[in-house]
Amino acid sequence: MSASQFETVSVQRTADIVTVSLERLTMPPQMFRELGSLFRSFAQDPALRAVVLRSAVQHFTYGLDLAVTFSEHGVSGGGASEGLALHHSICSLQDDIGAVAACPVKVVAAVHGRCIGGGIDLISACDVRLASVDAKFSVPETKADLGTLERLPALIGQAHTRELASTRQDISAARAQQIGLINDVYGDRSALDAAAEALAREIAANPLGATNKPYASAPCAHSA
């Protein structure tokens, strides 16, 4: 898949660093497929040293576009066949998020504004997470979990994971940093983007072995 074929993300490369920008407020299945394709290709690129994952729109993301996902897989009711179709859809989307986690290249997420549901799935698959002070995080939809509940405990612990999944409340960038979801918080979006770029350059300048990571993708844990 070439860069010209992407509909939901944009890609910019400077030497050994790639910046991937989300171009939609929500995450339709096409975005997951494009991210999966991109990060699988990144894993095969020996010249690539770091990736910055950001959003080009008003918020990082409102999360999974359930309406498009259900429509694409013919899910409109609660029948067994439709439930199975949804299960397979969620597993497929999980695999694409898993490609981010499994990519041997370090990934820096730069989050501004709202980061909801599928956005948490996505950033939890990254290596480093930075945010602007206006960022807010929530996990509103555990039935369509794409890896969050497998990855978050390693980042923030079981207690905080259960709190987020149970209350579905927004948490601020400051609270996200306090519990370990976010590494650093910056005053505005411009400072955030500059910090993410600087960190990617620092990572890229390290010896090759230091940029590798032994990640594995989260398994599909949903029952049919």
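**View A. Pairing of strand 6 with strand 9 in the predicted model.** Strand 6 and strand 9 run parallel and are joined by 3 bridges. Within this pairing, S132 stands opposite Y186 of strand 9.

**View B. The open sheet of 6 strands.** The strands follow the order 1-2-3-4-6-9, and their pairing is mixed. Strand 1 (9-14) and strand 9 form the edges, each pairing on one side only. From one strand to the next, the twist averages 20°.

**View C. Helix 1 across the sheet strands.** Helix 1 (residues 29-43) lies across strand 1, strand 2, strand 3 and strand 4. Its direction makes an angle of about 175° with strand 2.

**View D. The N-terminal end and span of helix 7.** D188 caps the N-terminal end of this helix, with a side-chain oxygen 3.3 Å from the backbone nitrogen of S190. Helix 7 comprises 17 residues (residues 189-205); at 1.5 Å a residue these should span 24 Å, and because the end C-alpha atoms are 24 Å apart, the expected and modelled spans agree.

**View E. The buried residues of helix 7 and what covers them.** The buried residues of helix 7 are L192, A195, A196, A200, I203 and A204. An α-helix has 3.6 residues a turn, so residues three or four places apart point the same way. What covers the buried residues of helix 7 includes strand 2 (17-22), strand 3 (50-55) and strand 4 (106-111). Strand 6 (128-132) and strand 9 (184-186) are also included in this cover.

Definitions and conventions:
Residues numbered from 1 in each chain as written. Predicted model: local features only at pLDDT ≥ 70, side-chain atom pairs only at ≥ 80, totals over all residues. Heavy atoms only, no water. Helix = DSSP H or I, 4+ residues; strand = E, 2+ residues; numbered from the N terminus. Expected span 1.5 Å × (residues − 1). Buried < 20%, exposed > 50% of the residue type's maximum accessible area, 1.4 Å probe, protein only. Contact = heavy atoms within 4.5 Å. Polar contact = N/O pair within 3.5 Å; in protein donor to acceptor, adjacent residues only side chain to side chain. Pairing = 2+ DSSP bridges. Axes fitted to C-alpha atoms, helices over the stretch in contact; angles between N-to-C directions.
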